[in-house]
Amino acid sequence: ASAISLILPLAIARVLARWPNLQVHIVEGVGDLLTDALLKHEIDLAIGVSLTENEAIRAIPDAEWHDTSEVIAAVNHPLRSRGPLRVIDLSGHKWVLPPQGTAPFAEVVALFREQGLPGPDVVVETRSIIAIKSLVTHAGFLSWMPRPMYDAERLAGLVQALSVKGTPRDRRLMVFRRRQGVLSGPAVKLLDALREVAAQGDQSFMNAAG
């Protein structure tokens, strides 16, 4: 979802400017779903942070970006009256996260365990980014998300990051493909565009995220 917020649109715009008759099929999901889709030949390329390289899937080294994940809450969440926060201050508050086995879930659990704390109180697990943002905005939940994914809500004055010691955390997004077989012509064109975006460095991405 973070890639869909900025990286992929930039690449798709480049491709369609040169080959306007191409069509792109986007599948949004977290790492395990994308790995499955690659292995089943449902997609040709995946952009993610947590896909595991193995005998069937490999990362493409010259197509990667960075963003940062942070704890987010509604602008009227009671934690905002507490001043600078520590991870322990997040205990006892309800969380919504992507399911166990995904990178965001593991990152938040690691954040707590680094402080010797039990994991967060994850009341809702969902793959729906819309559901996550809606629960944060309207139901008092905390979540963990890179800024490009909730920037519209931030600009609308609905959601902001919480200032928590030890956060935000940097992430690396990479493009993955199957090791075996040849990419289709359109997939090669999209990969070339993704490489061009990567070659420009993280600056434009970070400017949009900052």
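Buried means under 20% relative accessible area, and exposed means over 50%. The exercises below apply these cut-offs to a predicted model.

**Exercise 1. Overall build**

Determine how compact the protein is for its length.

*Solution.*
- Start with the elements: the protein has eight helices and seven strands.
- Next, compare radii. The radius of gyration is 18 Å, and the globule rule gives 17 Å for 210 residues. The two values are close, so the protein is as compact as a globular protein of that length.
- Then take the box. Along the principal axes, the C-alpha atoms fill roughly 55 × 35 × 25 Å.
- Finally, check the burial: 45% of the 210 residues are buried.

**Exercise 2. Contacts, surface and charge**

Describe how the chain contacts itself, what it exposes and where its charges are centred.

*Solution.*
- Take contacts between residues at least 6 apart in sequence. Of these, 76% join residues at least 24 apart.
- Turn to the surface. About 10500 Å² is exposed, and carbon and sulfur atoms supply 52% of it.
- Now the charges. There are 22 positive and 22 negative ones, and their mean positions are 2 Å apart.

**Exercise 3. The faces of helix H5**

Work out how the buried residues of H5 are arranged around its axis, and what covers them.

*Solution.*
- List the buried residues. In H5, residues 129-139, they are Ile129, Ile132, Lys133, Val136 and Thr137.
- Look down the axis. These buried residues fall within an arc of 120°, so they line one face of the helix.
- Check the other side: Ile130 and His138 are exposed there.
- Find the cover. It includes strands S2 (57-74), S3 (94-97), S5 (143-146) and S6 (159-161), along with helix H6 (147-155).
- Note what follows the helix. Gly140 comes after H5 and has a positive phi, near 75°.

**Exercise 4. Helix H6**

Decide whether H6 is mostly covered or mostly open, and name its buried residues.

*Solution.*
- Count first. Seven of the nine residues of H6 are buried, so the helix is mostly covered.
- Name them: Arg147, Pro148, Met149, Tyr150, Asp151, Glu153 and Arg154.
- Look past the end. Gly157 follows H6, and its phi is positive, near 75°.

**Exercise 5. Glu42**

Place Glu42 in the fold and classify it as buried or exposed.

*Solution.*
- Locate it. Glu42 sits in the loop between helix H3 (31-39) and strand S1 (46-48).
- Apply the cut-off. Its relative accessibility is 52%, so Glu42 counts as exposed.
- Add a distance. Val27 is 15 residues from Glu42 along the chain, and their C-alpha atoms are separated by 9.1 Å.

Technical notes. Residues are numbered from 1 along each chain as its sequence is written. This is a predicted model: local features need pLDDT of at least 70, side-chain atom pairs count only at pLDDT 80 or more; totals for chains, interfaces and linings use all residues. Side-chain values use heavy atoms; hydrogens and water are left out. Helices (H or I, at least four residues) and strands (E, at least two) are DSSP runs, numbered from the N terminus. The radius of gyration is taken over C-alpha atoms; the globule rule is 2.2 Å times the number of residues to the power 0.38. Buried means under 20% relative accessible area, exposed over 50%, partly exposed in between (1.4 Å probe, protein chains only). Contact means heavy atoms within 4.5 Å. Accessible areas come from the Shrake-Rupley method with a 1.4 Å probe; for residues, only the protein chains shown count as cover. Lys and Arg count as positive and Asp and Glu as negative; His and the chain ends are not counted. The place of a charge is taken as NZ of Lys, CZ of Arg, CG of Asp or CD of Glu. The arc is that of the directions from the helix axis to the C-beta atoms.
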